[in-house]
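Trainee: Could we go through this model together, one question at a time, with the reasoning spelled out before each result?

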Amino acid sequence: MIQTSLSVMLILSLLLPVILAIPVIEQSIPQQRIINSLSLSLAPSILLLIYPDTIQLDLDWLFFGIGLAIDDGNRWILFTVITSWVVYATRFNSCEQHTDLVISKKNNSFALLSITCSIGTILSTDILGFFIFSSIMGYTLYGVLYHQQKRNIKTSGSLYIIFLIIADIALFDALLIAVHTIEKLEFDVIQISMSNIASNQLYVVMTLSGFILRGAVWPAHIWLTRSYTSLNKVEAGLLSTLPVALALLGLIHWLPTDQGVDESIAFSIQLLAICTVGYALIRILAGSIGSELLAWLTLIYNGVFLYILGIFLKSETAWQSYEFIVFPYIALGSITISIIGWIRIQQLAQQQDKLSQKFEELQEGLHSTSSMLTNLLRQITDSIETAWRMLRKTATNQLLKLFYERHSIDKHTDWTLGITLLVILGIIIVGLG
Amino acid sequence: MNWSYWVPIMVVASSLIPGIVIFTLSEERIITRTVLNMTGALSKLLLVGWMIWGVLNGETFETRMYLVGDLELVLRAGPLALIFVSLSTVLWLVTTVYAIGYLENSPYRSRFFGFFSLCVTSTVGVALAGNLITFLLFYELLTLSTYPLVVHRGTEVARRAGKTYLIYTMCGGALLLLGTVWLYSITGTLEFTPRGFLNELDAEHHQALTIIFVLLIAGLGVKAALVPLHGWLPQAMVAPAPVSALLHAVAVVKAGAFGIVRVVYDVFGVEFAASLELTLPLAWLAAFTIIYASIRALYQDDLKRRLAYSTVSQVSYITLGVAIAGPIAAIGGVVHLVHQGIMKITLFFCAGNFAETLGIHKISEMNGLGKRMPLTMSAFTIGAFGMIGAPPVAGFVSKWYLGLGALEVEQAWVIPVLAGSSILNAAYFLPVLHRAWFREAPEHWPHEHNFGRRETALALLLPPLITASLALAAGLFATLSFSPLEWARFISLREFYQS
């Protein structure tokens with residue numbers, strides 16, 4: 001009985017936010033009910049969090065068959081995510097922007113969908129479920145965070161979405177390699193099997209690329225730093241606890257931490273980790289004390305995690321010995337950063353240092369280069385199209401001329417051409433016989 | 001009475017008879033016309049349901065009639081036929097409801113609905129065709145019945161688009177006819193057979209068969225809008241929204257793609273076509289079309305034109321899936337026949353709603369549209385994400401199987417094509433969504449119609465919501481029995497594993 005109730009709770013933790021998200025699109029729903037829905041949607045997840053048992057559920061009918069489970073490890077991450085959403089819901093209640101009711105409703109819908117997907121990502125027991133939920137969360141989170149029409153928010157939103165799409169493609173490719181090689185996609189199977197196969201390296205590289213882009217590890221951190229400077233503090237806090245923390249979670253679920261990988265890959269990860277931490281420290285020492293500070297702290301948190309991950313991937317026994325600290329690290333680390341950042345931002349005004357300006361210039365440069373490239377592509381395809389059109393016109397005009405001269409089609413009998421052609425077809429068919 | 005003989009004819013007649021009767025009705029007979037339309041659509045749905053049930057229980061539905069000489073008109077309900085016929089039947093019903101709402105108070109409705117019914121009759125005929133000659137007949141009938149729909153508005157632009165459409169498709173038809181006649185002269189049969197009927201021919205015919213393959217694919221490639229035979233499709237978007245929906249999702253484009261599937265699977269046989277080294281160039285052409293058309297779509301400000309280029313790109317997934325020549329890719333290709341149809345029809349319905357309700361035709365006019373038409377825009381969002389291939393919408397399932405299929409037969413070059421296509425799809429759909437959901441709405445829309453509390457007329461609102469839900473369901477519940485994916489698996493199994 002308890003097991004059934006818990007299974008229902010597991011499904012409800014995903015389903016309830018979706019159900020609550022749908023009606024808010026309709027314009028006649030009262031404002032107060034909308035605000036309550038955000039808090040209400042978290043209720044089943046909170047129950048899952050406080051019930052101390054392991055629960056597992058296989059949903060064979062959903063998608064290609066995905067599994068959901070909650071255990072001691074992912075309960076830590078669930079705690080972080082619920083805390084973030086509770087903080088966000090509180091902010092939503094007290095927000096002064098409610099003058100534009102529809103924007104609030106829309107944000108609320110996106111937030112509810114993000115809640116479902118973030119919880120789904122945590123509860124997934126296989127890499128397919130993880131990919132699906134985290135991918136949708138990425139898009140819905142865009143609606144939560146980048147809804148304002150300020151120029152800097154739009155730019156950071158564009159960067160966020162570009163990184164998200166490329167990361168998704170890398171992870172999709174990793175998924176294809178995994179299915180192609182081992183078929184079963186549960187985390188424990190992946191952790192053991194993926195180290196023993198020939199395509200292991202490509203799988204690991206794709207997985208790493210995907211999560212490095214999503215998790216904002218140096219040098220793919222630009223979207224995060226830009227977002228922190230443009231978004232308000234509560235929204236920016238969601239970045240550390242949702243896409244970033246869940247990317248780290250993805251790394252430990254997707255990579256063969258149990259069996260180890262090629263030494264050179266593990267070494268590269270550690271090198272990347274050192275660069276990430278080093279770079280963030282330099283930026284902090286150089287005087288990044290405004291909103292960006294939160295981003296640099298996140299980078300340090302990511303870098304430390306990556307270094308530890310490198311150790312796990314090198315040694316076959318490290319994971320079994322130290323697995324217990326990984327989940328609390330991800331959970332508490334991201335929350336701590338958010339809290340430090342929020343306090344810090346309130347104390348200090350935003351500052352733009354010289355280095356940031358140089359980065360701005362670099363990004364501007366990248367932007368203009370990409371515009372140039374797209375223009376070039378457009379010109380090429382335009383000229384192909386024009387050449388083809390001219391070729392076609394020359395050939396068909398001759399054909400048409402012949403045809404029209406014989407039939408002299410006027411404005412009102414154009415469709416009779418069709419019947420004529422049908423008759424011709426009939427003649428050909430009879431001719432065939 | 002032998003029902004299994006008559007049911008295929010009844011399926012064809014269920015739209016043909018209402019179509020002919022509708023032609024004779026005066027413009028004022030709105031109720032009669034609506035009743036005829038809906039009765040035809042619903043009865044076709046029931047008959048197709050009957051056929052699916054029968055086929056699952058081992059029954060054979062086949063109609064044979066002598067045409068000329070030895071040539072027979074054959075209608076047969078095989079698994080491949082049923083997946084296409086189900087798609088066109090379900091979407092015809094939805095499109096009929098939409099068209100009734102869309103054309104309210106507009107002139108020449110009897111003519112429109114008459115040809116509309118003929119168009120579906122032809123599509124169903126194409127789907128059920130049991131041999132190449134029957135296929136060819138209905139394929140050409142489809143050209144002729146859709147032409148008046150393309151030029152329905154009677155404007156100069158529409159007439160020009162119609163002319164282009166006719167030139168392209170008639171030329172395609174001529175190539176198809178030539179290929180068919182040549183094939184018949186060599187083999188003496190045109191009967192669609194699982195795994196093809198050409199593999200036992202002598203090697204001396206192989207060169208001729210290669211040319212025939214090119215002729216048939218070129219003929220079908222016009223309707224399937226393979227580059228460089230795609231020029232008619234972006235122009236044909238001047239047609240009314242229900243026609244565009246029908247052209248892009250159900251009838252013309254799909255008939256071309258379905259024809260390619262038929263030629264590769266049931267005429268040549270995929271293994272034989274691969275042994276003649278015909279499938280790989282076809283896959284390359286499809287891949288080029290996917291990327292090229294996506295790049296073209298990026299630069300279109302006209303919403304329907306952007307969607308048209310998107311169709312050119314997306315329909316080639318079907319060809320790609322077939323041409324990769326492996327069982328898993330075949331699942332991806334065949335299932336995309338259905339998935340693309342559901343997703344694209346949603347997008348065209350929404351585009352029609354924007355035009356009819358607010359007078360919006362261009363993407364640059366779509367600022368804040370999500371606020372004014374949230375339900376339609378939600379449906380559009382689902383369709384767009386499906387096209388990008390984002391989970392859990394149906395498009396993801398297609399891309400998943402295409403990618404896996406490519407790896408299975410060691411054609412890994414397909415993966416970057418799929419990735420590139422996803423990026424380009426995102427690049428031309430996401431800015432539209434951003435504009436609609438996040439930008440400020442203008443004070444006045446170009447031509448706003450007031451529908452009271454509703455964002456638009458119910459007949460216009462329900463169809464995109466239904467098809468968007470279907471696109472979502474086809475992804476979320478992909479592995480359930482009767483899902484398009486399960487049918488596609490069944491077809492692939494038959495093509496690759498059953499003797």
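Mentor: This is a predicted model, and a good place to begin is a helix pair of chain B, H7(B) and H10(B), which are roughly antiparallel to each other.

Trainee: At what angle do H7(B) and H10(B) pack, and how is their relative direction classed?

Mentor: The axes of helix H7 (residues 206-223) of chain B and H10(B) are 6 Å apart, and the packing angle is about 160°. Angles over 145 degrees count as roughly antiparallel. The pair at about 160° is therefore classed as roughly antiparallel.

Trainee: How do the residues of the contact of H7(B) with H10(B) divide by character?

Mentor: On the side of H7(B), the residues that meet H10(B) include B:Phe213, B:Leu216, B:Ile217 and B:Lys223, while H10(B) contributes, among them, B:Val252, B:Gly256, B:Ile260 and B:Phe268. Taken together, the residues of this contact divide into eleven nonpolar, three polar and one charged.

Trainee: Why is H9(B) described as largely enclosed by the rest of the structure?

Mentor: The buried residues of H9(B) include B:Ala241, B:Ser244, B:His248 and B:Val250. Their cover includes helix H3 (79-102), helix H4 (109-128), H5, helix H10 (252-268), helix H13 (303-323) and helix H14 (327-358) of chain B. Helix H9 (residues 241-250) of chain B is largely enclosed because the number of its residues that are buried is ten of the ten.

Trainee: Which element gives the largest share of the side of chain B that touches chain A?

Mentor: The contact between the chains involves 46 residues of chain B and 41 residues of chain A. Elements giving two or more residues to the chain B side include helix H5 (132-150), helix H6 (156-187) and helix H18 (414-438) of chain B. That side divides into 32 nonpolar, seven polar and seven charged residues. Its largest share, eight residues, comes from H18(B).

Trainee: Turning to chain A, which residue in the turn between E1(A) and E2(A) has a positive phi?

Mentor: Strand E1 (residues 55-59) of chain A runs antiparallel to E2(A) and is joined to it by five bridges, with A:Asp58 standing opposite A:Gly67. The two strands form a hairpin with six residues between them, and the turn residue with a positive phi, of about 55°, is A:Phe63.

Trainee: Which residues make up the covered face of E2(A)?

Mentor: In a regular strand the side chains alternate between the two faces of the sheet. In strand E2 (residues 66-70) of chain A, the uncovered face holds A:Gly67 and A:Ala69, whereas the covered face is made up of A:Ile66, A:Leu68 and A:Ile70.

Conventions:
Residues numbered from 1 in each chain as written. Chains lettered and ligands numbered in written order. Predicted model: local features only at pLDDT ≥ 70, side-chain atom pairs only at ≥ 80, totals over all residues. Contact = placed C-beta atoms within 7 Å. Helix = DSSP H or I, 4+ residues; strand = E, 2+ residues; numbered from the N terminus. Nonpolar A, V, L, I, M, F, W, Y, C, P; charged D, E, K, R; others polar. Buried ≥ 20, exposed ≤ 12 C-beta atoms within 10 Å, placed from the backbone. Pairing = 2+ DSSP bridges. Axes fitted to C-alpha atoms, helices over the stretch in contact; angles between N-to-C directions. Parallel < 35°, antiparallel > 145°, perpendicular 65-115°, else oblique.
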